[in-house]
Amino acid sequence: MVSVTSSEASRSRSKKVCVIGAGPSGLVSARELRKEGHKVVVMEQNNDVGGQWLYQPNVEEEDPLGSNVPINGALKVHSSIYSSLRLTSPREIMGYSDFPFLAKKGRDMRRFPGHKELWLYLKDFSEAFGVREMIRFNVRVEFVGEEDKNEDVRRWIVRSREKLSGKVIEEIFDAVVVATGHYSHPRLPSIKGMDSWKRKQVHSHVYRVPDPFRNEVVVVVGNSMSGQDISMELVEVAKEVHLSAKSLDITSGLSKVISKHPNLHLQPQIECLKDDGRVIFVDGSWVVADTILYCTGYSYKFPFLESKGRVEVDDDRVGPLFEHTFPPSLSPSLSFVGIPRKLIGFPFFEAQAKWIAQVLSGKLSLPSSDQMLQSVADFYRSRDLARVPKHNTHDIADFTYCDKYADYAGFPHLEEWRKLLCLSALNNSQENLETYRDSWDDHELLQEAMQSSHFTNFNC
């Protein structure tokens, strides 16, 4: 077991902290909070760690579009992982700073392993650092709101329900860290005729295997990595697959795949859906489809949070959040880990967790509420000037920002080899979409990575 030392009580202010979610961001948050001397309770709605990476094969009870959600906002299925999913990044870049994602004999040793291997890594992490003992499994958080009793010290009421017994528990915490992920609540486009189209419509949230689509004409909406992966899988069983994309300017990798499969077609965006089964595209062309599969991403939702309007989700912009983490008027007792997208996630989550833990212990301080609000306003303005759609507010795709963020907590910058391996995989996928996970030419970079202290200083 990897040793973890807590901060001395005399040097920090210990808080009772609730972490919501035991996925990649929640697990590392729990570890860092405890290292700072805080008393941590993790509430996890499923029966094991992993969050999104805990594969859930049975989706029959879930609404196909994820739209008929109960009043409490609880989906029956949290994970959106499909059976064949493999990582889009090499394992070397994904590990936490002091716990590399190593290939283990007897398991999936590929550089781009399947989803189960990442889940096992998270299990290994939780056991190595004793995180598991802090987790209450099969517990769903139903309400988080401020306690009214003390105006000088903000505390939080957390009401949770045990899924098996139905027992409701209400507790008071000094702080709450929201780490519920952002790949569970389907985001759907608005298409004319969508509500009255009589044939099958599903979101990729409930896609698991291709067989139910055998011999069908399928329209896949969305040219994301998942849209491309699922299209390549469906093409082996479906009669036709029509990939509808915002832009017909595609990578050479996708172009190679389309030229290889005569039943895979690239289409523009959908104009409307007709009751006779036709899918009309914006260029006037159409197909009669059996199924429309929406690979259109996910929305941020926090149905349990009562913030009295001080944290809102507006077209997938969660805010206001200072550096995607702290709501200025509720900080530091309320924070969010794992909101940003399109970055090397695990090291970033770790930097967030360290910052939050040290702010709560009093080692670090935040700017004033007004200063944080101004920072958020400046950030929004920069995104608007760059013509970034509001729903992409939290898409970062910037190593410089990751390094700037790390400075808040005194966390090391991303290693150069980690950045270069990330870019190498991305470039390879754009050129060789079908083969990039199993064929690569970054051997020198890989050797440099394996000789770095990230790997050589690790003791199992």
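Colleague: Is helix α2 largely enclosed or open to its surroundings, and how many of its 14 residues are buried?
Modeller: In this predicted model, the buried residues of α2 include H115, W119, Y121 and F125. What covers the buried residues of α2 includes α1 (24-35) and α5 (345-361). The helix is largely enclosed by the rest of the structure, because the buried residues number twelve of the 14.

Colleague: What span should the 14 residues of α2 have, and how far apart are its end C-alpha atoms?
Modeller: A rise of 1.5 Å a residue leads to an expected span of 20 Å for α2. The end C-alpha atoms agree with that expectation, as their separation is 20 Å.

Colleague: Which residue follows α2, and what is the sign of its phi?
Modeller: The residue after α2 is G130. Its phi is near 65°, and the sign is therefore positive.

Colleague: Which kind of aromatic pair do F99 and F125 form?
Modeller: The ring centres of F99 and F125 are 5.7 Å apart, and the cut-off for a pair is 6.5 Å. Their planes stand at 75°, where over 60 counts as edge-to-face. The pair of F99 and F125 is therefore edge-to-face.

Colleague: Where do F99 and F125 lie in the chain, and how many residues apart are they?
Modeller: F125 belongs to helix α2, whereas F99 sits in the loop between β2 (39-43) and α2 (115-128). Both residues are buried. Their pair links distant parts of the chain, with a separation of 26 residues.

Colleague: Which residues form one aromatic cluster with F99 and F125?
Modeller: By the ring-pair rule, the model has 28 aromatic pairs. The cluster that holds F99 and F125 also contains Y96, F101, Y121, F129, F346, F349 and F458.

Colleague: Y183 and Y298 form an aromatic pair; how many residues apart are they?
Modeller: This pair is edge-to-face, with 6.0 Å from centre to centre and 85° between the planes. Y183 is in the loop between β7 (175-178) and β8 (185-186), while Y298 is in strand β17 (residues 298-299). The pair thus links distant parts of the chain, and the separation is 115 residues.

Colleague: Is Y298 buried or exposed?
Modeller: Its partner Y183 is partly exposed, with a relative accessible area of 40%. For Y298 the relative accessible area is 12%, and the limit for burial is under 20%. Y298 is therefore buried.

Colleague: Over the face of which ring does K16 lie?
Modeller: One charge over a ring is that of R278, at 5.6 Å from the ring centre of W286. K16 is at 4.8 Å from the centre of its ring, which belongs to F173.

Colleague: Which strands are at the edges of the five-stranded open sheet?
Modeller: The order of this sheet is β3-β2-β1-β7-β21, with parallel pairing. Within it, four bridges join β1 (residues 16-20) to β7, and I20 stands opposite V178. The strands that pair on one side only are β3 (135-136) and β21 (334-336).

Colleague: In the sheet of four strands, what is the bridge partner of V144 in β18?
Modeller: This open sheet has the order β6-β5-β4-β18 and mixed pairing. β4 (residues 139-146) and β18 pair in the parallel sense over two bridges. The partner of V144 is L305.

Colleague: Over which residues does pLDDT stay under 50?
Modeller: The protein chain averages a pLDDT of 93, and 95% of the residues score at least 70. Where pLDDT is low, the predicted coordinates should not be read in detail. The stretch under 50 has 20 contacts beyond four places in sequence, and it covers residues 1-12.

Terms used
Residues are numbered from 1 along each chain as its sequence is written. This is a predicted model: local features need pLDDT of at least 70, side-chain atom pairs count only at pLDDT 80 or more; totals for chains, interfaces and linings use all residues. Side-chain values use heavy atoms; hydrogens and water are left out. Rings of Phe, Tyr and Trp (its six-membered ring) pair if their centres lie within 6.5 Å; planes under 30 degrees apart count as stacked, over 60 as edge-to-face and the rest as tilted. Buried means under 20% relative accessible area, exposed over 50%, partly exposed in between (1.4 Å probe, protein chains only). A charge sits over a ring if NZ of Lys or CZ of Arg is within 6 Å of the ring centre and within 35 degrees of the ring normal. pLDDT is the predictor's confidence in each residue, from 0 to 100. Contact means heavy atoms within 4.5 Å. The expected span of a helix is 1.5 Å times one less than its number of residues. Two strands pair if DSSP finds at least two bridges between them.
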